[in-house]
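User: I'd like to understand what the words used for this structure really rest on. Could we go through them together?

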Amino acid sequence: MGTTELILAIIFSIIGCLGLLLLIFTIVISYAFFKIGFKRKNVNEYTSIIYDAPKEIYHWFERCSSFDVTINTFDGIKLTAKYVKNPNSNHLYFLTIHGYHGMFISRMPIAKVVFDKYNANVLAINQRGHYTSEGKCNSLGYLESKDLQYWINYIIENDKDARIILDGVSMGATTIMYRLNEISSTHVLGAICDCGFYSFYDEILKDYKKFNNVLFPFSKAFLKIFYKIRYKVDLGSLNCFKGLSESQIPILLIHAKDDPVVPYSEHEKECEVFNKNTKINILRFEDGGHARTFYRHNDEYVASLIKFINEIIK
């Protein structure tokens, strides 16, 4: 081998080694993001919950008849919830679902409105991989949407005359929207979905691009592979199109135009595809950020909430 050939061989070898190292680095970074993004929070980490209103508005249920509930879901995981029984119960239930890294208490201020005005019982759940529910990780709404039916069944099994209103924020809203077409309207009267995302893939990629913009074009494929291995489903196919377009459940969609977490364009997609033969109410705010419109526009939010509930419980 001549000198020139030897130099070229060395250069190509170096390039090959660097390429292999870059591939390994990309896989490691992608997997690290996947693990961080979907891992559970320990119970003691929830002591730092952000209160957007006086704490007593979150903890009002402690003055009522409330207790913890546990169920086993489809894959054997134990899920927990806080059940608040209304002394004047009329078979109406407000089943509320928190968002990513939230907990049952997250929507308690909204639940109090329905508890007081409509004498509703409240079931505030902890999603899998959150607070005291089991699960090593969450799936950003995919497996959680399966869990939702088990919570609905729990209510119906204990009250055959139950009338249920679903409520979710952010990931909790997507949990509802993804399988809304599979939920029977026999017991579920309507759904309130606040700042949920339409596409699982787009939501994950948006956050990952912020995490590592340089490797983004190369590593997004690995995220799909990891999700496929863990959850046995194609991440790219996960969106709320079928759940919304085939829904028979009335819905109230809420979003702020300046939402920095879930883009307003996601809300527009949801409104566009929702079943035109099913009732839809839309509440939009110019500002309010992500999952904060109830606190920043309380009067308008509550008025729209009451209007929607009045229409679906007739």
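Analyst: Gladly! Let's begin with the salt bridge: a side-chain nitrogen of Lys or Arg lies within 4 Å of a carboxyl oxygen of Asp or Glu. By this rule the count here comes to 14 salt bridges. Please keep in mind that this is a predicted model, where local features need pLDDT of at least 70 and side-chain atom pairs count only at pLDDT 80 or more, while totals for chains, interfaces and linings use all residues. Residues are numbered from 1 along each chain as its sequence is written, and side-chain values use heavy atoms, with hydrogens and water left out.

User: What makes the meeting of Asp167 and Arg107 a salt bridge?

Analyst: Their side chains come to 2.7 Å, N to O. The limit is 4 Å, so the pair qualifies. Asp167 sits in strand β5 (residues 163-169) and Arg107 in the loop between β3 and α3, so the pair links distant parts of the chain, 60 residues apart. Helices (H or I, at least four residues) and strands (E, at least two) are DSSP runs, numbered from the N terminus.

User: Why is the pair of Asp202 and Lys269 said to tie parts together?

Analyst: First, the salt bridge itself: the closest N and O atoms of Asp202 and Lys269 are 3.7 Å apart, which is within 4 Å. Asp202 lies in helix α6 (residues 200-211) and Lys269 in helix α9, so the bridge joins parts that are 67 residues apart in sequence.

User: Why is Lys160 called exposed, and Asp161 partly exposed?

Analyst: Here we need the cut-offs: buried means under 20% relative accessible area, exposed over 50%, and partly exposed in between (1.4 Å probe, protein chains only). Lys160 has 67%, so it counts as exposed. Asp161 has 41%, so it counts as partly exposed. These two also form a salt bridge, with the closest N and O atoms 3.7 Å apart.

User: How do you know that Asn86 is buried?

Analyst: Its relative accessible area is 3%, and that is under 20%, so the word fits. Asn86 is found in the loop between β2 and β3. Not counting residues up to four places away in sequence, it touches Phe115, Asn119, Ala120 and Asn121, where contact means heavy atoms within 4.5 Å.

User: What does the side chain of Asn86 reach?

Analyst: It reaches the backbone nitrogen of Asn88 at 2.9 Å, and one of its polar atoms lies 3.4 Å from the backbone oxygen of Ala120. Both fit the rule for a polar contact: a pair of N or O atoms within 3.5 Å (within protein, one must be able to donate a hydrogen and the other to accept it, and residues adjacent in sequence count only if both atoms are side-chain atoms).

User: What joins the side chains of Asp259 and His290?

Analyst: A polar contact of 2.9 Å. Asp259 also has a side-chain polar atom 2.9 Å from the backbone nitrogen of Val262. With a relative accessible area of 7%, Asp259 is buried. Its place is in the loop between β7 and α9 (264-273).

User: Why is helix α3 called mostly covered?

Analyst: Eight of the eleven residues in this helix (residues 108-118) are buried. Among them are Met108, Val114 and Tyr118. What covers the buried residues includes β2 (78-85), β3 (92-97) and α11 (298-312).

User: How many disulfides are there, and how do you know?

Analyst: The count is zero. A disulfide is a pair of cysteine sulfur atoms within 2.5 Å, so the zero tells us that no pair meets that limit. Cysteines are present, though: Cys195 is buried at 1% relative accessibility, and Cys271 is buried at 13%.

User: What makes a nonpolar surface patch here?

Analyst: Ile7, Ile11, Phe12 and Ile15 make one of about 400 Å². Patches are made of residues with over 30% relative accessible area and no salt bridge, with like charges joined within 9 Å and nonpolar side chains (Val, Leu, Ile, Met, Phe, Trp, Tyr) within 5 Å. Take Ile15, in helix α1 (residues 3-38): its relative accessible area is 49%, so it passes the 30% mark.

Technical notes: Areas by Shrake-Rupley, 256 points an atom, 1.4 Å probe, with all protein chains shown as cover.
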